[in-house]
Amino acid sequence: MNLNATDLCLTVDGVDHLRNVTATFRPGRLHTVIGRTMAGKTTLLRALAGLQGVDSGSLTRAGEDFLRTPVWRRDTAMVYQQFINYPHLTVFDNVAFPLKRAGLSRDEIRHRVQQSLASVGLTDFGKRKPSQLSGGQQQRVAIARALARRTGILLLDEPLANLDYKLREQLRDEFKALFSDQGDTIVIYTTTEPAEAMMLGDVVLVMHEGRILQTGTPQEVFERPATTTVASIVNDPPMNVFAGRLKGGQVTVAGFQAAHVSAHLAELSDGAYQFGLRATDVSLASSGVDGEVTYVEISGSETFVHVVVGETPFVVQLEGIHDVDLGDLVKLRLRPDRLFAFDERGALVRTPSHDLVSVEGR
Amino acid sequence: MAQLDIVDVGHAYAPGAEEERWALKPLNLTFESGKTYALVGPSGCGKTTLLNILSGLVRPSRGRVRFDGVDVTALPTKARNIAQVFQFPVIYKSMTVYDNLAFPLQCRRWDKARIDAKVQQVAEALDLHDRLRQPARRLTADDKQLISLGRGLVRDDVAAVLMDEPLTVIDPQLKHSLRRKIREITEQFRPTVIYVTHDQYEAMSFAQELLVMKDGRAVQQGTPEQLFEAPSSTYVGYFIGSPAMNFLTVDHGDGPFALGGRPLSAAWDVPASTLKAGEVQVGVRPEHVRIVTDPGPNTFPGRLKGVSDHGAQRVLEVEIAGQPVRAKTPRDQGVPVGEEVLVHLPRAKVLPYADGELVLRS
């Protein structure tokens with residue numbers, strides 16, 4: 001049974017939290033909702049769960065008007081950013097709590113609790129109290145409690161946001177297996193991280209300022225971002241978007257001739273465009289567009305070099321750890337075959353030649 | 001700014017505990033004047049204990065602490081002339097931004113003109129110069145945190161700036177810009193900085209050198225590049241980098257290493273006679289593993305078990321001789337067809353480990 005949201009709107013104190021949100025959530029699929037903080041992701045989940053009313057719009061499941069269905073009858077479990085557990089109960093009792101309230105038999109409760117604790121890797125932790133667990137383990141308890149209810153709808157609101165990056169990495173891998181194992185459940189998972197949305201989602205919904213900007217497979221939203229805003233949200237670091245001109249087979253940026261036009265842009269008429277280029281498709285080279293390094297960031301295994309060209313900021317992603325100093329004068333090489341073209345209002349016009357789905361080595 | 005020396009310092013919170021259980025096992029460290037250091041490691045690794053010993057909040061069970069050669073072990077915090085930034089901003093709520101910054105200098109009886117010049121200079125660097133007359137309590141958490149830092153920077157004679165997870169209460173979106181700001185400021189004022197965080201990403205983008213801690217021990221000190229390229233132990237290889245470094249158990253007889261019966265050359269020779277009996281592994285970063293079409297040296301048949309789409313990159317999960325290996329590949333390289341693949345481990349990037357420790361080049 002699909003869950004259908006149509007034109008959901010919510011305004012609080014003059015600020016739009018949900019703007020005409022229309023989406024279909026399907027059983028057996030994991031939907032990731034990606035957006036920056038304050039995009040409306042949490043509000044959307046709360047509205048689906050019935051914890052938050054809306055001003056207008058409809059929400060239906062199998063013909064039932066969900067907006068008139070009280071919270072406890074929505075067949076929905078939710079996991080929050082903060083690890084919420086009952087501190088005075090053991091891990092086992094935390095997971096069993098909603099099942100007891102639902103009046104299940106003792107055998108059934110024990111069976112379900114053991115099964116869901118096993119699925120989150122906490123089989124031997126049933127007798128502990130939440131305070132004796134690490135943050136990652138506490139969040140697993142909350143997830144186990146949600147899973148044990150076997151609801152038709154499972155909502156997860158940035159469940160990894162408060163964990164450190166090594167733990168996020170590990171749980172993300174586990175989630176992939178865990179959620180693909182949930183049968184006909186509708187799973188909706190919010191995140192601010194593109195890699196998480198891409199890795200986990202069967203369907204990705206891109207949300208911004210209360211609107212759903214695009215819905216599609218991870219491949220679709222990544223390869224064919226409908227707007228510059230989508231392109232920025234689904235890439236980490238955000239896609240470089242810059243104003244440029246196309247003229248006589250040349251792309252110019254900030255007055256610099258940046259690249260020769262490659263085949264995929266050849267049919268475009270001359271004029272002003274916004275171009276998009278991923279951080280991985282810009283490099284530091286011995287010749288190219290002049291820029292100045294404004295900031296350098298190092299992740300575990302990549303270096304992000306922030307460069308300003310005239311007034312236009314670029315981020316360059318280098319594999320490995322590189323020593324680049326603030327204030328260095330550098331030259332950027334932009335890969336012409338990887339340029340996305342958007343019109344002046346930001347709508348997608350052309351994408352780079354399609355990513356090869358199956359290939360070689362090199 | 002001062003050089004900080006830790007000489008044979010160890011600490012046990014429980015008196016009489018055996019050394020194996022000390023929160024900080026005896027160690028020697030030097031923090032050079034004007035450099036930025038990050039202490040990283042999971043909770044309970046001893047990083048906060050070490051910071052508190054430097055600040056004087058904790059008197060170590062043994063060893064000496066020296067600032068520029070002067071023994072400060074017995075001195076209380078206020079006699080050590082250090083600046084501290086904590087998880088939560090510490091400001092004088094009743095004062096203006098200006099007075100918050102000027103206060104430490106007034107206490108030192110600087111004359112007014114000198115105070116004013118210094119406050120203006122620091123406020124400019126912090127981007128707070130247009131809000132100097134505002135009450136400090138009205139500022140946002142990230143600006144308050146800048147004031148905490150600024151109060152340390154106004155003092156020319158401060159020995160070191162100690163920061164304990166200063167980004168904890170900062171909104172995720174602002175973390176990036178505050179981190180950048182703190183780095184710019186420390187590059188300008190060049191204080192000796194010791195920064196504690198559990199987030200490797202934060203540590204690597206901020207500090208010139210990292211100290212990775214585990215179970216009360218300093219396991220490796222080095223630049224981000226050194227930790228990435230040559231982790232001193234399998235633990236550091238796991239902790240730094242995403243995904244973690246691959247480790248493969250290899251056979252070693254009298255000749256080179258072997259993996260699945262095929263020879264595997266490492267970056268340097270490891271004569272069998274120099275190895276104690278025990279498990280020998282080779283480590284290779286996912287960024288350096290390559291999928292190739294042609295057989296050759298250090299190239300092994302593998303099976304492709306899974307593909308994880310991270311956006312601009314994919315992580316291929318491969319199995320070689322029954323052992324999992326991850327390869328991080330650029331998106332435009334595509335995904336190999338079929339399950340059978342050839343995996344190349346570039347010799348220069350293959351490091352030998354015995355019993356979890358890097359075998360040094362002889």
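Which residues does B:Ala160 touch, not counting residues up to four places away in sequence? In this predicted model, where local features need pLDDT of at least 70, side-chain atom pairs count only at pLDDT 80 or more, and totals for chains, interfaces and linings use all residues, B:Ala160 touches B:Ala2, B:Leu4, B:Ile82, B:Pro191, B:Thr192, B:Val193 and B:Ile194, contact being taken as C-beta atoms, placed from the backbone, within 7 Å. Residues are numbered from 1 along each chain as its sequence is written, while chains are lettered from A and ligands numbered from 1 in the order in which they are written.

B:Ala160 also belongs to the largest nonpolar core, a set of buried Ala, Val, Leu, Ile, Met, Phe, Trp, Tyr and Cys residues joined through C-beta atoms within 7 Å, where buried means that 20 or more other C-beta atoms lie within 10 Å of a residue's own. Of the 170 residues in this core, A:Val206, B:Leu39, B:Ala160 and B:Ile194 touch the most other members. Helix 4 of chain A (residues 135-148) supplies the largest share, 7 residues, helices being DSSP runs of H or I with at least four residues. A second, separate core has 27 residues, including B:Phe257 and B:Val341.

Chain A is divided into domain 1 (3-225) and domain 2 (240-361), with bounds from an automatic or database domain assignment, and the C-alpha centres of these two domains lie 36 Å apart.

Where chain A meets chain B, the contact takes 36 residues from chain A and 37 residues from chain B. Helix 6 of chain A gives the most to chain A's side, with 4 residues.

Technical notes: Two residues are in contact if their C-beta atoms, placed from the backbone, lie within 7 Å. Helices (H or I, at least four residues) and strands (E, at least two) are DSSP runs, numbered from the N terminus. A residue is buried if 20 or more other C-beta atoms lie within 10 Å of its own, exposed if 12 or fewer, and partly exposed in between; C-beta atoms are placed from the backbone.
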